Amino acid sequence: MTRHSELPEREYRLARHYLNKLRTVNEAMQRGQSTVSYGLTVFDQEWEQIRHWQAWTVQRAPEDELRARLCIEFPLTGLEVLANRNNAEVQIKWLRAGLEAARQLQDKEAERSLGYELMMVYYRLGSLEEGRDIACQLLDLGEAANDLLCIERAYFGLAVYSEERGEYSDAEQSYQQALRLSRKLGVITELGRALNALGGVAQYVGEFEKSYQYVSQYLELMELHGKQNRVCHALISLGESLISLKAYTEAEQSLQRAVRMCRSLGFQRLLGVGLLTLSALALAEDKLDMAQTYVNEGLQAVRAVGVQRQIISGLTKLGYIDLRHEDFAAAFAHLHEGLEMARDVGNPRYICEVELALAHAFIAVSDYDSARDVLRESLTIVQNIESRSQKIRILSGVVAYFQSLGDYKQAAIVAGAIKDELLVDAPFFGGVRAQLETTLGPADYYETLADGARRSLDETIAEMLVAMV
């Protein structure tokens, strides 16, 4: 073991000094608006030195325990500022180094803490398999140590993986287990996070009122006990839920409050998410210019911090807006970039969302073969996603495809299977249904709709996969 006296004393003091600078910034961001400007000023002035001395802790001999301990402290001390102010790749690099140091020291508590934080950053980047692997490790580590917090976090991580794969039943089951453990532990932040995640699952499967109840509880908890960044996150989640419930005025109030807080507190990642959600609200109200303003700024913010899922979401929205403006070259550029990214991270939900927008773009330029190809891929994927709302959205694209080919009967049959028009894109689907009624005539149109209504969504998807060969 290397004793303190054997270390270059000056270097050790400097590393500790800049670690304390990082702690000052981190604590300032946690306390809120009155101290955040000071904290961000310190961060901007000292970041290069902080980064240099963190790198110094990594360049150590295997027996150098003091540097290893500092290597653990840097990522844990800077959790708040790294998550909200910096690129996720930097945070991953620090966390990996800290995890290696924890294993070197056989510090199981630090290994569990760092493993959890690394798992969550992997998920934000869309690295699903890496996130799941760490979740499994955390479950083993937690059970070995009888650490209920670690076990709760492991279940949360396993749930995130299932959710991202579209396996919503498994996700809800694991999130409920995390919720039960967090209640037993009485850890408010963990409890709030589980409530928010359950609200997200309900949102994706189209249970919007249930989603609203979950995220309302999350916001209430964070207002009482949470850090400022969690309040911002809860406000954004609530805004998304309110958009789905078509409570647009309330959604805007919640989202604008979140964005104001994010701007004043320097929460760049959450600012991007809030702006992209505001763009979704503007699209729901068919305010295309406003949506474009929000999505441009939001996409810039999420690109800066490297959150893959939000970048994909922003590109999809931007491509959709381009399509509505009939700027087809820009639409295809943005949507193909988003699709490539969604495929790289292997997220079926985002693949389907991008491909639906792409199908509409291909239809708009009369490239029906390409429209069929992306719709078939989405239909194949959506068969294994436990989301009624996602299936309905893809089938709405199939209706537009058949209508554009002049196969009005087939289009009306599929339209009949879609029993909840609130879940589809009104500017495209509403016009298609009106055209079908005019073309077929009211009697044939409603008879064909009734025929389609006798089919389940899964039956309709299977039939369309055959019909679109």
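Here is a short chat about cavities, a pocket and one serine in a predicted model.

Trainee: Which helix gives the most to the lining of the largest cavity?
Mentor: Start with the count: there are two cavities of 30 Å³ or more, and the largest holds about 40 Å³ of space. Its lining includes Gln-308, Arg-309 and Ile-312. Three residues of that lining come from residues 308-324, and that's helix H16.

Trainee: And how many residues in the lining of the largest cavity are charged?
Mentor: Glu-164 and Arg-309 are among the lining residues, and Glu and Arg both count as charged. Next to four nonpolar and three polar residues, the number of charged ones is two.

Trainee: What about the second largest pocket, which helices each supply at least two residues of its lining?
Mentor: That pocket has about 150 Å³ of space. Arg-51, Gln-54, Val-90 and Trp-94 are among the residues around it, and the lining divides into five nonpolar, two polar and two charged. The helices you want span 33-58 and 88-105, so to speak by name: H2 and H5.

Trainee: Is Ser-378 buried or exposed?
Mentor: Ser-378 sits in helix H19, residues 368-382. Buried means under 20% relative accessible area. Ser-378 has 1% relative accessibility, so it counts as buried.

Trainee: Which residues does Ser-378 touch, not counting those up to four places away in sequence?
Mentor: Contact here means heavy atoms within 4.5 Å. With residues up to four places away in sequence left out, Ser-378 of helix H19 touches Cys-352, Glu-355 and Ile-394.

Key. Residues are numbered from 1 along each chain as its sequence is written. This is a predicted model: local features need pLDDT of at least 70, side-chain atom pairs count only at pLDDT 80 or more; totals for chains, interfaces and linings use all residues. Side-chain values use heavy atoms; hydrogens and water are left out. On a 1 Å grid over the protein atoms alone, a cavity is a set of points where a 1.4 Å probe fits but cannot get out, and a pocket is an open set with protein on both sides within 12 Å along at least five of seven lines; lining residues have an atom within 4 Å of a point. Grid points are joined across faces, edges and corners, and a volume is the space filled by probe spheres set on the points. Buried means under 20% relative accessible area, exposed over 50%, partly exposed in between (1.4 Å probe, protein chains only).
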